[in-house]
Amino acid sequence: MSNENKDQFRPEDHDNDHFLLTTVVGSYPKPKWLNRAKELYEDPDHGFDEEDWQEAKDDAARLITQEHERAGLDAVVDGEMRRNEMVEFFAHRIEGYEFNGPVKVWGHNYFDKPSVVSDVEYTDSWLVDEYEFTASATDRPVKVPITGPYTLASWSFNEAYEDDEELTYALADLVNEEIEKLVEAGARYIQIDEPALATTPDDHAIVGEALEHIVDDIPEEVRIGLHVCYGDYSRIYPEILEFPVDEFDLELANGDYDQLDVFKDPEFTADLALGVTDVHVAEVESVEQIEENIKKGLEVVPPEQLVVSPDCGVKLLPREVAYGKMENMVEAARNVEADLDAGNIDIERETPTPADD
Amino acid sequence: MTEYVSTTPGLYPLPDWAKDDLSDLKGHQKHDLISGDEGEEITAAYEEARQEVIGVQEEAGLDRIVEGQLRWDDMLAHPLAVHDNVETRGIVRYYDNNNFYREPVVQGELDASGDVANELESAAAVTDGDLQAVLPGPYSLADLATDEQYGDDAEFLGAIADFLEAEAEAFPEVETLFLLEPSLVENAPEDGQDERASEAIDQVATAVDADVVVQPYWGALEEKVYAHLLDADIDAVGFDFVANQDDNLYNIQEYGATDDAALGLADGQNTLVEDPEAIRDRVEWVEDKLQVTEFETVYLTTNTETFYLPYGKFEEKLEVLAEAAELAEVKAA
């Protein structure tokens, strides 16, 4: 069995017959000097200007892209070095948004929750520059994470649209426009991040409809993933199988795979990007442990449909821990591939009841 | 003749300078949050911020002044989170919001702590306005907490009611007490539980010599829950007309109402600032729909707490409420 969409990311010099695509969700710890550079840039009394700040971000993006490469990942990201927060970053680039100041998330953690005050519009590209820079810094395929329209809508104040559903679809059309631009620029791997779905799982139909807007006229070979982090997956499965995406990227290591069974019945028909390292634990799991985690994925899908990734963005981990997790994750994936090649892995997937009868 | 009173359910956002100063003084992690025995510098920052939000209310012309509950890092769970016999554990989601609080786990007797009364004393010292106290309702506070002491839901609710009653008894003189009860909507009590919730509310309400408003939000109460709530000795029920109009009207039409009512007509969770005239019109609309009912006092308020808003928008909302109450008063006169 082959999987053309996934296999386009298979490196030419890949040693094993089996191929478990290794990648990351997106964010990565920023180097300390980048935060310092930002402070200098924001300090009106300092000569550190726009050009210096741009150069600092370029340096950081190059550094982290290469760090991903060094860890051996098959598809890399720049660690989202240019992005501050997953909603703010996009809201600054979308016409119709305005910022009114920080709001509380918990304790003394705040974010600049933006307000949609008029029709949202697409003006300049959001991510093409970021993509082109990253692509030029590596020979590996580059994955582009984009905050999904449902999350962009849910985590904003909505002053302009009838309800958040309407706003979601309007934003989805803009995401579609952006993906078209990214594809033109050469991107082949897009990941839509919808963490807000975890808190309001009953809205899965809205997310599904938004994805239809997002993939409209996007060529088949472009890989579209959907990342949903920790929540009660039984409330969105199997409905999400109807979504027009190639891959679901799920957080499961954090719950020690207690939700794995949810995905066994009915049969998981898409590719599964399985979270195999826990991003909330600041210790690097051993290669052996991660191998066991990867094998959990094989209880749900055959190797052709399995992708290996951390649970979520790793930006809150110490950088050396984040790197250690990537490195061990890749080594574990290669070991499992070799074991699969050698026929040493015998995992039986349950025969699920057919979805349609 | 209806009296229109502009007020808020409290739990304000911190002024932006205080967000910065207090996160520097306290830190960003779980164990950095308010403990009830904070030191001088932190106390001073809160005092200054309290004075500021009281000034904002006075300036806006609100008819009731709240302390602001700026120290309530854990939102409605605050009175337990600072209690000596309560351990705070991991951060958990605050209802359906993108907000979190420390899970308070009750591990010993819930004796009176005086924390909220102290805040009110501090507020009373800096304003001559009519003071309004704010507490979580007993049902919501029990719902937000975990019990490892009492072992039984009914007993735990009773203990929470005793605790809140003792807190309220220690209050300085206040004009009004708002008991916030979002859990009555969000996690509606079942048969038997609804009656106990009402009794618990009654117990807290009778502890103060003030008008008591019970404000549920994020929707309308289920019929039975509403009917039981009316049995409590309270002066007003609050209605979240931002989240749900039909079911709230239905409840009032079918079961009647208290002599006073609180109308949540300004959205505490959206930066869109309502026109005072629009709020006044909504009051009229509600009154039109309820031909037979004439309330003695109508509190005009945001439906929810306001800490969800950026500070500038929060200030604007207060001004709108004050102005809307004046407009309604003029119209009624």
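How many of the residues of strand β11 (residues 271-275) of chain A are buried? Five of its five are, so to speak, under cover, as the first close-up of this predicted model shows.

**View 1. Strand β11 of chain A is mostly covered.** Take the strand residue by residue and look at where each one points. Asp271(A), Ala273(A) and Gly275(A) point one way from β11(A). Leu272(A) and Leu274(A) point the other way. Residues on both sides of the strand are buried.

**View 2. β11(A) pairs with strands β10 and β12 of chain A.** Strand β10 (residues 247-250) and β11(A) run in the parallel sense, and four bridges join them. The pairing of β11(A) with strand β12 (residues 306-309) is also parallel, over four bridges. Leu274(A) is a handy residue to follow here: Leu250(A) stands opposite Leu274(A), and in β12(A) the bridge partner of Leu274(A) is Val308(A). To get from β11(A) to β12(A), the chain passes through helix α9 (residues 287-298) of chain A, making a right-handed β-α-β crossover.

**View 3. Helix α4 of chain B turns one face to its neighbours.** Helix α4 covers residues 115-126 of chain B. Its twelve residues, at 1.5 Å a residue, should span 16 Å, and the end C-alpha atoms are 18 Å apart, which agrees. Which residues of α4(B) are buried? They are Asp115(B), Val116(B), Glu119(B), Leu120(B) and Ala123(B). Looking down the axis of α4(B), you will find these buried residues within an arc of 135 degrees, so they line one face of the helix. What do they pack against? Their partners in chain B are α2 (40-60), α3 (78-81), β5 (131-136) and α6 (153-169).

**View 4. Glu169(B) is an exposed residue of helix α6 of chain B.** Is Glu169(B) buried or exposed? The count of other C-beta atoms within 10 Å is 12, and a residue with 12 or fewer is classed as exposed, so Glu169(B) is exposed. Now find Leu14(B) as well: Glu169(B) and Leu14(B) are 155 residues apart in sequence, and their C-alpha atoms are 27 Å apart in space.

**View 5. Confidence values accompany the predicted model.** For chain B, the mean pLDDT is 96, and 99% of the residues reach 70 or more. For the complex, the predictor gives an ipTM of 0.94 and a pTM of 0.91. As a reading tip, where pLDDT is low, the predicted coordinates should not be read in detail.

Conventions:
Residues numbered from 1 in each chain as written. Chains lettered and ligands numbered in written order. Predicted model: local features only at pLDDT ≥ 70, side-chain atom pairs only at ≥ 80, totals over all residues. Helix = DSSP H or I, 4+ residues; strand = E, 2+ residues; numbered from the N terminus. Expected span 1.5 Å × (residues − 1). Buried ≥ 20, exposed ≤ 12 C-beta atoms within 10 Å, placed from the backbone. Arc of directions from axis to C-beta. Contact = placed C-beta atoms within 7 Å. Pairing = 2+ DSSP bridges. Right-handed = clockwise from strand over helix to strand, strands pointing away. pLDDT = per-residue confidence, 0-100.
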